[in-house]
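Please read the following points alongside the coordinates, as a colleague's note on a few local features of this entry.

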Amino acid sequence: MAKKYWLFKAEPHIYGIEHLAAAPNKTGRWDGIRNYQARNFLRDQVALNDEVFIYHSSCKNVGIVGTAKIVKPAYPDPTQFNPESDYYDPKSTQEKPRWVSVDITLTNIFPRLISLAEIKTQPQLENMVLVKQSRLSTQPVTENEWKIIKELL
DNA sequence: GCCAACGTTGGC
DNA sequence: GCCAACGTTGGC
């Protein structure tokens, strides 16, 4: 299947691009997704070697900060089984896990932030899921949108 | 901190 | 299955 493109949101003070950069092999587990629509993308469509924009949300400077690629496709999110975790889900079982994670490796930290405000000024990006549906933490990006955003750098 | 948009829960 | 009440996300 052809390579696909995604945008993953994170609150940088919880797990942002700096955390990924500091992780062994710049690789980390993308976990804690607790929204069905976002989960369905992760579980059913995100594939090995797909590329991902890392987006910082709910912070002073919101926007895209870099890229990563998928190094391990969907597997059960271990945090759902851990009562100590903020992401614990008592309704989830080992036999029927409800939530999934993927592993990603950092591939690029952008020299500057591409802010949400800047994205919104681009007529060619007006149909981005990011612009049309603000509340979705993992979302598809078209190949064309991917190219346009990289050319803004 | 405000609030719009959306998701989830639970009574009926 | 409907829908009101409530909770969360996320930009500003």
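The points below take up the strands, then the contacts with DNA, then a pocket and a residue in a loop, and they all concern a predicted model.

1. Strand pairing. Strand β3, which covers residues 51–56, pairs with β4 in the antiparallel sense over six bridges, and β4 in turn is joined to β5 by ten bridges, again with the strands running antiparallel. Thr67 is a convenient place to follow this arrangement across the strands, since Phe53 stands opposite Thr67 in β4, while the bridge partner of Thr67 in β5 is Asn108.

2. The hairpin turn. The strands β3 and β4 form a hairpin with six residues between them, and within that turn Ser58 has a positive phi of about 50°. Ser58 also deserves attention for its contact with nucleic acid, as one of its backbone N or O atoms lies 3.0 Å from a phosphate oxygen of DNA strand C.

3. Surroundings of DNA strand C. Which residues surround DNA strand C? They are Lys9, Tyr55, Ser57, Ser58, Val62, Leu116, Lys120, Ser134, Arg135 and Leu136. Of the atoms of DNA strand C that come within 4 Å of the protein, 74% belong to sugar and phosphate. Sorted by class, the surface near DNA strand C has four nonpolar, three polar and three charged residues.

4. Side-chain contacts with DNA strand C. An N or O atom in the side chain of Lys120 is 3.0 Å from a phosphate oxygen of DNA strand C, whereas a polar side-chain atom of Arg135 lies 2.6 Å from a base oxygen of that strand.

5. The largest pocket. About 460 Å³ of space lies in the largest pocket. Its lining consists of 16 residues, of which Lys9, Ala10, Glu11, Asp31 and Tyr87 are the closest to its centre. At least two lining residues are supplied by each of β1 (5–10), α1 (12–15) and β2 (27–30), and the lining as a whole divides into six nonpolar, five polar and five charged residues. Lys9 thus appears in two settings, being listed among the residues that surround DNA strand C and among those closest to the centre of the largest pocket.

6. Ser85 in its loop. Is Ser85 buried or exposed? Ser85 is placed in the loop between β4 (63–76) and β5 (100–115), and it counts as buried because its relative accessibility is 17%, with the cut-off set at under 20%. The side chain of Ser85 reaches the backbone nitrogen of Tyr87 at 2.9 Å, and Tyr87 is one of the residues closest to the centre of the largest pocket.

Definitions and conventions:
Residues are numbered from 1 along each chain as its sequence is written. Chains are lettered from A and ligands numbered from 1 in the order in which they are written. This is a predicted model: local features need pLDDT of at least 70, side-chain atom pairs count only at pLDDT 80 or more; totals for chains, interfaces and linings use all residues. Side-chain values use heavy atoms; hydrogens and water are left out. On a 1 Å grid over the protein atoms alone, a cavity is a set of points where a 1.4 Å probe fits but cannot get out, and a pocket is an open set with protein on both sides within 12 Å along at least five of seven lines; lining residues have an atom within 4 Å of a point. Grid points are joined across faces, edges and corners, and a volume is the space filled by probe spheres set on the points. Helices (H or I, at least four residues) and strands (E, at least two) are DSSP runs, numbered from the N terminus. Ala, Val, Leu, Ile, Met, Phe, Trp, Tyr, Cys and Pro count as nonpolar, Asp, Glu, Lys and Arg as charged, and the others, Gly among them, as polar. Buried means under 20% relative accessible area, exposed over 50%, partly exposed in between (1.4 Å probe, protein chains only). A polar contact is a pair of N or O atoms within 3.5 Å; within protein, one must be able to donate a hydrogen and the other to accept it, and residues adjacent in sequence count only if both atoms are side-chain atoms. Two strands pair if DSSP finds at least two bridges between them. A residue is near a molecule or strand if one of its heavy atoms lies within 4 Å of it.
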